[in-house]
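Got your viewer open? Here's a short walk through this structure, one selection at a time.

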Amino acid sequence: MLRVTPIYGSQWHSTGAAMRGSCTLVEFSHVKVLVNVGMPDTTSHTANTATGTTTSATATPTPANPATTNLLPPLPPHDCLVLSDSTLASLGALPLYCQAHPDTPIYATFPTVKMGQMTLWDYHAHLSLDGGRPPFTLEQMDAAIARLQTIKYSQAININNMVVSTSSKNIVPVADGGISITAHRAGHVVGGAFWVLQRIQDETVVVITSTYSIAKEKHLDSSTLLQYGATPDVLVTRPGGPALPLVQELLAQDSSSNWKLPVLTSQAQKQLTESIMSVLRRDGNVLLPSDAAGRVLELILLLDQHWEKQRLGGTYNLVWLGPMVGNTLDFARSQLEWMNGVLGNQFQKQQGLHPYALKRVQLCASVSELETFLVNNANPTCVVANGMTLDHGPARDLLLKWADNDNNAIFFTDTSQCWERDPADGGVGGSGDATTAMIGTNNNTGGTTANNTDMAPSSSSSLHRTAVPSPAAVLPNITTTSAAAPPPPPGVVTAADAVAAAEETEEAGEEDDTANRGRLIPKANASKFTAAYQLLHYWCQAK
């Protein structure tokens, strides 16, 4: 018997994107496996039951006692917990889970444990620096990390369900129960895993995966999903982005029809670096919001290699900004065996020069430290800052500081954060400002900046096709009126008409861009190259 029960994180949104943070119960062969305990959306807002209003967690501190907030919904009984990766969507609620389930075994890869610790520390630091109260304490977080049992890729763990015998009243295993759980490389982030559940009795296989990358990247090898999970009996995944409409379109088409696959990762990397350089060359600064210890490792390695190859260190600054960047870098340097094999060979050939030496990158723990650095280094700066959602963190603080300069630009490097925001629902910061949901323009006129860059890799990576929002404030609706002139005789084209027609032809693109200012990101602008799209696309091909 197989039963899949989404606990939270699988609710479909009007934009086609699933909720952030997921938790799913998989019951297979009398064994109950809980997959991930991501931070549910309720942790980012505190409900006021007295007034019926909802406010942002970054603006209103949460109660001091996390146990009274019921942030983590009640979980059904289960035999073990497995974590897919080190992101908040997979383990953000781990400290809360460990308080409610102190004896349940938890399995994760070694990088997931270390990078997950950095992710939780970074999240805690952001909320604390904003004056808020995180949903867990540092002691609870450390205790949760200490409970994790590390496993290697391809290492199988046998789990047998135990029941009380009706005859002897002793605890005995179920006769036809028991499965083996094996983690395999999913790519996307270091230590990321998809899980293969195999029933011991008849070798029936169930594959559980959420995000993966089939591309071989600079710091990670490609996923082994097509090797170990190409033809399972059941595939369990989660929705995300516009994957469902795309797959429906794919299935509706003939197999002989032309289907455009995502561009190569190398092409996406080139597009991103060229877009960044175009802003720096006009003396503007670039802000790239990122996560704490996941995709940021690919992004910072890409930019460091580009700076070194083009010898840009004396002309432009490259900064990695975040409260835990130093610790994250130290952990990354100790995990070469989990990364791309090319990096390990490079480390051996260069006699100790680590690929993550990051000689061109300046590490800053706070915005004040960054400002001190820029006083003595006034060159245009590219900053990779923690705080992908702009709800909190140094990325949000830099956006507020740099938004009034038309030469600056912000690039969202993860399409999982590009969904429609309802201004009435509080937007990103709960204030009704739809700034980060705006569609950028290709012009530098009218007080709005910046770039609309197409970036589409072959994986759900740090390089995605995104509609780059304008960092300027939402433009007000301004209408102008003028005195009506007498109409010309029929059939007569005036000089004003000719000039207007010429201007309309030459500036059609600019007028279209102007019409888009201030609008929320529609579905059509969401990336088509999500992990769910790739997974389902190749799954349909395999079947």
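Start by selecting residues 505–523, where pLDDT stays under 50 and the model has 34 contacts beyond four places in sequence. Keep in mind that you're looking at a predicted model. Now pick residues 42–69: pLDDT is under 50 throughout this stretch too, and here the model has 41 contacts beyond four places in sequence. For the protein chain as a whole, pLDDT averages 73, and 60% of the residues score at least 70.

**Stop one: a mixed sheet**

Select strands 1, 2, 3, 6, 7 and 8. Together these six strands make an open sheet in the order 1-2-3-6-7-8, and the pairing is mixed. Look at its edges, where you'll find strand 1 (2–8) and strand 8 (149–151), each paired on one side only. Going from one strand to the next, the twist averages 25°.

Next, zoom in on strand 3 (residues 31–35) and strand 6 (residues 80–82), which run parallel and are joined by three bridges. Which residue of strand 6 stands opposite V35? Click across and you'll land on V82.

**Stop two: helix 3 and its partners**

Keep strands 7 and 8 on screen and add helix 3 (residues 110–129). Helix 3 lies across strand 7 (106–109) and strand 8, at about 95° to strand 7.

Now show helix 4 (residues 138–147): its axis comes within 11 Å of the axis of helix 3, and the two cross at roughly 170°. Helix 3 and helix 4 are therefore roughly antiparallel. To see what touches, turn on side chains for V113, Q117, L120, W121 and H124 in helix 3, which meet L138, M141, D142 and I145 in helix 4. That contact of helix 3 with helix 4 is made up of six nonpolar residues, two polar ones and one charged one.

Helix 3 has another partner to visit, so to speak: select helix 9 (residues 325–333), whose axis comes within 10 Å of that of helix 3 and crosses it at roughly 175°. That makes this pair, helix 3 and helix 9, roughly antiparallel. On the helix 3 side, highlight K114, M115, Q117 and M118; they meet N327, T328, F331 and A332 in helix 9. By class, the contact of helix 3 with helix 9 has four nonpolar residues, three polar and one charged. Did you spot Q117? It's listed in the contact with helix 4 and again in the contact with helix 9.

**Stop three: a parallel sheet**

Move on to strands 16 to 20. These five strands form an open sheet in the order 18-17-19-16-20, with parallel pairing. Strand 18 (362–364) and strand 20 (409–410) each have a single partner strand, so one side of each has no neighbour in the sheet. Zoom in where strand 16 (residues 286–290) runs parallel to strand 20, joined by two bridges. There, L287 stands opposite I410 in strand 20.

**Last stop: helices 7 and 8**

What lies across strands 16, 19 and 20? Select helix 7 (residues 265–280), which runs at about 140° to strand 16. Then add helix 8 (residues 296–310): the axes of helix 7 and helix 8 come within 11 Å and cross at roughly 65°, and the crossing is right-handed. For the contact itself, show Q269, L272, T273, I276, M277 and L280 in helix 7, together with E298, L299, L302, L303, H306 and W307 in helix 8. Colour them by class and you'll get eight nonpolar, three polar and one charged.

Conventions: Residues numbered from 1 in each chain as written. Predicted model: local features only at pLDDT ≥ 70, side-chain atom pairs only at ≥ 80, totals over all residues. Heavy atoms only, no water. Axes fitted to C-alpha atoms, helices over the stretch in contact; angles between N-to-C directions. Helix = DSSP H or I, 4+ residues; strand = E, 2+ residues; numbered from the N terminus. Parallel < 35°, antiparallel > 145°, perpendicular 65-115°, else oblique. Contact = heavy atoms within 4.5 Å. Nonpolar A, V, L, I, M, F, W, Y, C, P; charged D, E, K, R; others polar. Pairing = 2+ DSSP bridges. Left-handed = near helix turned anticlockwise from the far one by under 90°. pLDDT = per-residue confidence, 0-100.
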